[in-house]
Structure formats: structure tokens, C-alpha cells
Amino acid sequence: MTAVPTATYRLQLQPSFPFSAAASSVPYLAELGISHLHLSPVLEAVPGSTHGYDVVDHARVREELGGEEGLRALAHTARQHGLGLVVDIVPNHMAMSPRHNHALWEVLREGPKSPYARWFDIDWAAQGGRLLLPVLGGPLGDVLGQLVVDGDVLRYHEHAFPLRAGTADLPLPELLDAQWYRPAWWRLARTELNYRRFFSISELIGVRVEDPEVFEATHGKILQLLHEGVVDGLRIDHPDGLADPDGYLARLHEATGGRWTVVEKILADGERLPAGWPVAGTTGYDALRQVDGLFTDPAGAGELLGQYRRFAAPQTDRGGDWAATVRQAAYKVLTHELAAETDRLTRVATRVCATSPDPALRDRAPWALRTALQELLVRMRVYRPYASGDVAAVVTERAAEEARLAFVVPEEGGAVDVVRGLLLAGDGPGAAEFRTRFAQTASALRAKSVEDTAFYRYVPLLSATEVGGDPGGPAVSPDAFHAYCARVQRDWPLTGTVVTTHDTKRSADVRAALAVLTECPERWADVLTEVTRDGEGGPDAQLAWAAWQTVFGLGPAEPGRVEEALLKHVREAGLYTSWTEQEPPYEEAVASFVAAGPCGPPGEPVAAFRASLAAQVRANVLGTALVHLTMPGVPDVYQGTEGEYRALVDPDNRRPVAFPPARPGEKDAVTAAALRLRARRPGAFGDTATYAPLPAEGPAAAHCLAFARSGEVVTAVTRLSLRLAAAGGWRDTVLPLPPGRWADVLAPGREFTGHARVAELFEASPVALLERVGAGD
């Protein structure tokens, strides 16, 4: 077993798939060719949690999974088969569940003087020094009779809260006033919340790991497991939510002794991971964007957008322009889901200005500062600035110029310069806190406005609306892909790479099928005309377009899976219904449309159209898999995706899978061959490896993407195969191979040297994996 993974395999642990089940899968996974199991969070979580990101106790391994004994047994079994463990940890937040979260329980009982109060990011100055708990089903006066005092506990349905000493005998209204917390209607979370949370999820409260004592308390068990050899590496969930990601990662690096660690950092297109971070790299969404883009036709994507605009007319203002969609979503999120966070940031900015010796700052009105903050935040193109980075490159002068235009009175636009000045070089009381709050709010805004809103409003090509993606420019040229790979091999050779995760909105195989639509946008439009001719247009045209694409990408599936995903789609989009303000008539119309349209007889032409493109879907699926497994970085294979895996957004993509798969197919064979090759030739893919593009020559050269790893391995895949067929096929296209004799790993017995004819190379499969076996002639 190596300390640094050559390839990992992600397992979604849950009560129905505990450590013992994971141990049973080890022999199969070891044979597959991976080096490490990648486990979802293993610490104590809310009972019944199917994901584990709602941690309640950092000092204990989760009992529902088998406890610490079960984890150690899994590690032992893994080591017997030559495998190690990588574990997902959650430093940013814990579950807002007092009856399970002992630290939070003590804070509610003892208030800000509790030794645990420093754990949580609470604004005690707000809400009269009490922590607002958005748990009530209605205004307090309407549900007061449902609150029950039970000894020294206050109960409300399944919720339980501790009573402050000496308050149990008080009349209920007085008792509530005497606590360190304030039970409130859940709708008040939007405007009155006074604790930092995970995005806009009130059930997850932010943790202050920037405090050394809190870091030690929340990381002690994981560090013990690392130092005792039970765990070998870490995946860090959502570092952008932390007050000081730079400082946290430096402290973690020192505490782990430099173990292999990757961070779930979502990079915007063109953004670079901070060079000073002591990590191996990201969890791989930047790689996902590159791989997906390779199989997307740029011209066809533009044509598909035009077809969408015509189909959705007169609703072209609803997701017909990417930049506008993101901006509108950002305004909506700041003033609704993140209104409380915006209020807190404004209070901090106002306090900093009020205490400044500069009259230009002291005179700024809170409303002007709030407007300036909003206008700068909605114009940020990355998740957040970092202490180690160039803030001016993130909060740009161009953004400031645009933000000033939002003020009716030009003189008030000076608030923009005040805010930007505080971000760039502000000092004095509260300036550092302001910069921290701004960065945390920015990251939450980007995630909610782009990933959780705009991706569901901008639907011309659903495969482009993926974490880390750029729907406004979904295609990636071979040259751009090669440049990305060369940079990764140079700067972050041991970074993670992924194409499917527990957070992807569609699995790689679904996205690979959808990408084919960029090669035939006119035919897709004709199919939609046919299926919507008899009134199957759905409750709105935008949803209908997304629904028909969903069933095309997914292929045959249970209607319930499609309905669940599309109901989530419309709630996230927030145009006609939402999670907090559901519109039953609209949602019923969505469910009826899915059953009668895409999943009913009208969906048969879409299924037939997909079947007619089976060869092109196959080329994209296999090409995506092979590129992912052989490009620079450490590939993470999501559970079940070694074979055909067609899944939609969670919880659909977190369903248990069988080990080994019941019917291994072509993709299984490609995956196993690539992983085993990595295992037996680690030097060809590791931190000292090389990456070299291999350009094809001839009339169809643009359709062959190939590269060599360390002169030992060659990957070659077919891209845009439908366009290739329309242009006459490979004809005389050749692929010049590096010196040597090359064996086809996917088809034993075949060998190539010199200039391989691409038609022969791809005779049996749209992909080829070659291994150097001799010097050749």
C-alpha cells in the first residue's frame, strides 16, 4: 500500500451500508485496481443520516456505521488486500440538533459563558443576546400550546432544548424570555438568524475552527486515526465557509504530518487554486469541467441555445442568457435566502465605518453600505477572496464601476469605494472581521446563486449545469484541455479528479449522453416539436425542455426517479415554487406532466431518438471514463460508476450499489484495465510523471484526442463522433505514436508502432489504451 493514492473509490456510508458492508466490498475493489477506499464522513452524525455531513460529535466514530471498532476492522481488511483509507471530514459546520449535539446543548443551557460557546459562530449582540432557533411551525403565539416543559427540558414535537437553571417553574412566556435561546417560526431564519450556517441550511450551524482549542477538539479523533494508521488521507468538505482557509489548512498540514489531503474547492473558469495551500489539490471539479467540455461541440452548443430560446419563447428572460441568469439569481439569494447574512455583514461594515477616524467613512449610511455590498457581491466571478490571494483581482475595479451605477445619487456611490477600500487595505477595529464575513458571505452566495439556482434556470444544455461548470461556455478545445493537463502535472500532480460524485447533478454517463445533443441540435428540436405537438408542453416551456432532456440523458428509468429530480429542479429554480414557499397546484402539474409526458407514451420518440444515437453515447461514455482515469491527478471513482451508471441529483445518486456488479459490461472492462495499468505502472502517472499531447494528422484529426504519460502509456479517444460520421469518418487520419512498440491494453494481441491508422486503432472500440512493451523498430 502506498501513502499517496494512485486511485480512490468513493463509498457512501449510511446505516444501510455500514463499515461491515464496505469491508465486504474490499476484495472486489482491490481486484478493480484502486489503492484507497474513499469514505464519506465517519464521525457521529444525526441518527438515520444518509450522508453524514450533519456531524454531532467529533470525538466518536459513528455507532450506526459500526463505531470505531467497525472502522478499525474495515481498515484491517483493507490493508490485508493492499488498500488504504481516505476519509471525508467536515470542519465548517455541525448539525443544529441540540438533543444530539452535546456542545450545542451546553451553549443553549449556559449561554455565551459556556466553554462551548467559542465553538459556534453566533452573533450574541443580535436578538437580545439569545440564539434564534428557527424550529417552530408558525408564529410563537400560534404554537405556544405545543411547547411543553418536561423536567429541565423544553420540548416541541421532536425537538428538545435545555432549560436554564432555575427556570423550569416559571410560566411559559416568562420561561421563554429567560433562556439563552429564542424558539421562532422557521420563516424568520431568512431575516433574523444570528448564527452562521452552511449556505442557507439552518439545520447546519457554522463551527469556528479558526480557534485553536476548537480545532483540537473537533479534529482530535481524526488525527488519532491518522497517526495510528487507521486512516491515510483526507478530503476536506467546503473549506470556503471557514473564516481562514489559509490558516486552517496550514494547521491541518502540520497536525497530520503532511498526509495526502484534497479540498472541495470549486474553481471558477480560469481561477487557480491558491499556490501556498499545503494540499495535494482539489477534489476534482475543475477536471470534471475539462473532461465534459471535450465532448461538447461548441458550434452545436450555440445552436442548441438558439433552439431553446425559440422553444421557450416568450419566456426567453427565464434562463436564456447565462450572465443575466446568474446576476438575477444572486440578487434574489442575497435578498431572500441570505438576507440574514447580508444584514450581519452590513452591521459589521457600519460598525467599522462608525469607529473610523476618517470622516468619509463615518458618514456612510447603513443602507448605502448594504447596497454597495450587494452590488459588489453579485459581480464576483469566484467564490471568495483569500488572505493569500490578490483581493483586487477578485473584487475588481470594473465591478466597482458597475456597482456605482446602481446608486441614483452619484455621490452615494462612494459607498462602493469605501467597501472596496476596506477589503483591499482596511485597518482599525473590526476591519479583519469585515473581510472574513465578506468572504464567507461571498462563498455562500456563489454556491446558492450559481449551483443551486442559476443551474436550474439556465437549461439549454443540462450537462453543462454541473458543479464547477461554465454553462455560458461549455465546450473545451483539445488545445485548452492539453494546456490544463500540462499545468496540473506541473503544479498539482497529485490533485484529485472526478467525473461523478455524491454532489453532481447528473452522473457522468447521463452528461455524456446529453453532450451528443450539441452535435445534432436541429434533430433534437424536431423531436421536441413531435413530442409537444399534442399539448405535452408541461406547466411551462422551460421545465418541459429540461424534462425532455432529463429523460434523454437518463434513458429508461422508473418515473418516480424523474419526478423526484424535476420537483427538486423547480424548487431550486424558485420561479414558480420553492422549498420554503411551495405551490402545490404547480408542483402537481409538474408531477402530472412527467407521468403523462416524458415518462408516458409521448416519451417514446425521445427514447427512440436516444437509441438511434447509441453509438455516439457509447463513444462519449467510454471516452469520458478513460480520459478521467489516465489524465494527470488521482482519479476518484464514485461507487458504481466503474460500470454503466445513470443517476440524477441526490438522493438519486446516493442509492446503494451492488458489489460486484451483477452484469459487468464494456465500461467495467475499460475502467478495470485503466486502474490496473495505473497500479502496475505508478511512475507513469505520479508526481514525477510527464504529460505530452499527441496530435493526430489527417482529415479527421480534430476528432481524436490523445496524450502520452511518461512515454509509457498512450490514451486515445474519439470526440464528437456524430460530426465525425457526417464528415466521412476517419479516412486517412493517423496518430503518430512515441518511439516503441505499443500493446493495446483493451484488446490483447494487437500492437502498434509508428503512425497508427486511427480507423484501425478504433476498429473495435471508440477508445484505445496503449502500453509500451518494447523498443520497436
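The following dialogue examines selected features of a predicted model.

Student: Why are strand 8 and strand 9 said to pair?

Tutor: Pairing requires at least two bridges between two strands. Strand 8 and strand 9 share 4 bridges in the antiparallel sense, so the requirement of at least two is met. One of these places Leu147 opposite Tyr156 of strand 9.

Student: How do you know that strand 9 and strand 10 pair?

Tutor: The requirement is again at least two bridges, and strand 9 (residues 153-156) has 4 bridges with strand 10, in the antiparallel sense. Tyr156 stands opposite His159 in strand 10, and Val153 has Pro162 as its bridge partner there.

Student: What makes strand 8 and strand 10 the edge strands of the sheet?

Tutor: The open sheet has 3 strands in the order 8-9-10, with antiparallel pairing. Strand 8 (147-150) and strand 10 (159-162) each pair on one side only, and this makes them the edges. On average, neighbouring strands of the sheet are turned by 25° against each other, direction ignored.

Student: What is found in the turns of the two hairpins?

Tutor: The hairpin of strand 8 and strand 9 has 2 residues between the strands, and Gly151 takes a positive phi near 70°. The hairpin of strand 9 and strand 10 also has 2 residues between its strands, and His157 in that turn has a positive phi of about 50°. Helix 3 (residues 102-110) lies across strand 9 and strand 10, and runs at about 55° to strand 10.

Student: How do you know that helix 7 is not straight?

Tutor: A straight helix of 16 residues would span 22 Å, at 1.5 Å a residue. Helix 7 (residues 212-227) spans only 19 Å between its end C-alpha atoms, and a bend of about 55° is found at His219.

Student: Which residues of helix 7 are buried, and what covers them?

Tutor: Among the buried residues of helix 7 are Val214, Phe215, Thr218, His219, Ile222 and Leu226. Their cover includes strand 3 (43-45), strand 4 (55-61), helix 2 (67-80), strand 5 (84-89), strand 14 (233-236) and helix 8 (245-256).

Student: What is found at the start of helix 7 and just after the helix?

Tutor: At the start, a side-chain oxygen of Asp211 reaches to within 2.8 Å of the backbone nitrogen of Glu213. Just after helix 7, Gly229 takes a positive phi of about 80°.

Student: Why is Asp240 called buried?

Tutor: A residue counts as buried when its relative accessible area is under 20%. Asp240 has 3% relative accessibility and therefore counts as buried. This residue lies in the loop between strand 14 and helix 8. Apart from neighbours within four places in sequence, Asp240 is in contact with Lys265, Tyr383, Arg384, Tyr386 and Ser443.

Student: What makes the approach of Asp240 to Lys265 a polar contact?

Tutor: The cut-off for the pair of N or O atoms is 3.5 Å. The side chains of Asp240 and Lys265 make their contact at 2.8 Å, which is within that cut-off.

Student: Why does Asn92 count as buried?

Tutor: Its relative accessibility is 1%, and the cut-off is under 20%, so Asn92 is classed as buried. Asn92 is in the loop between strand 5 and strand 6 (93-95). Not counting residues up to four places away in sequence, Asn92 touches residues including Arg196, Phe198, His238 and Leu242. The side chain of Asn92 also makes a polar contact with the side chain of His93 (3.0 Å).

Student: What makes the phi of His238 worth noting?

Tutor: Most residues other than glycine have a negative phi. The phi of His238 is near 45°, a positive value in a residue other than glycine. His238 is found in the loop between strand 14 and helix 8, and with 8% relative accessibility His238 counts as buried.

Student: Why is Ser710 called partly exposed?

Tutor: Buried means under 20% and exposed means over 50%, with partly exposed in between. Ser710 has a relative accessible area of 23%, and is therefore partly exposed. Its place is in the loop between strand 20 (704-709) and strand 21 (713-718), and its phi is positive, near 55°.

Terms used:
Residues numbered from 1 in each chain as written. Heavy atoms only, no water. Axes fitted to C-alpha atoms, helices over the stretch in contact; angles between N-to-C directions. Contact = heavy atoms within 4.5 Å. Expected span 1.5 Å × (residues − 1). Bend = angle between axes of the 7 residues up to and from the residue. Buried < 20%, exposed > 50% of the residue type's maximum accessible area, 1.4 Å probe, protein only. Polar contact = N/O pair within 3.5 Å; in protein donor to acceptor, adjacent residues only side chain to side chain.
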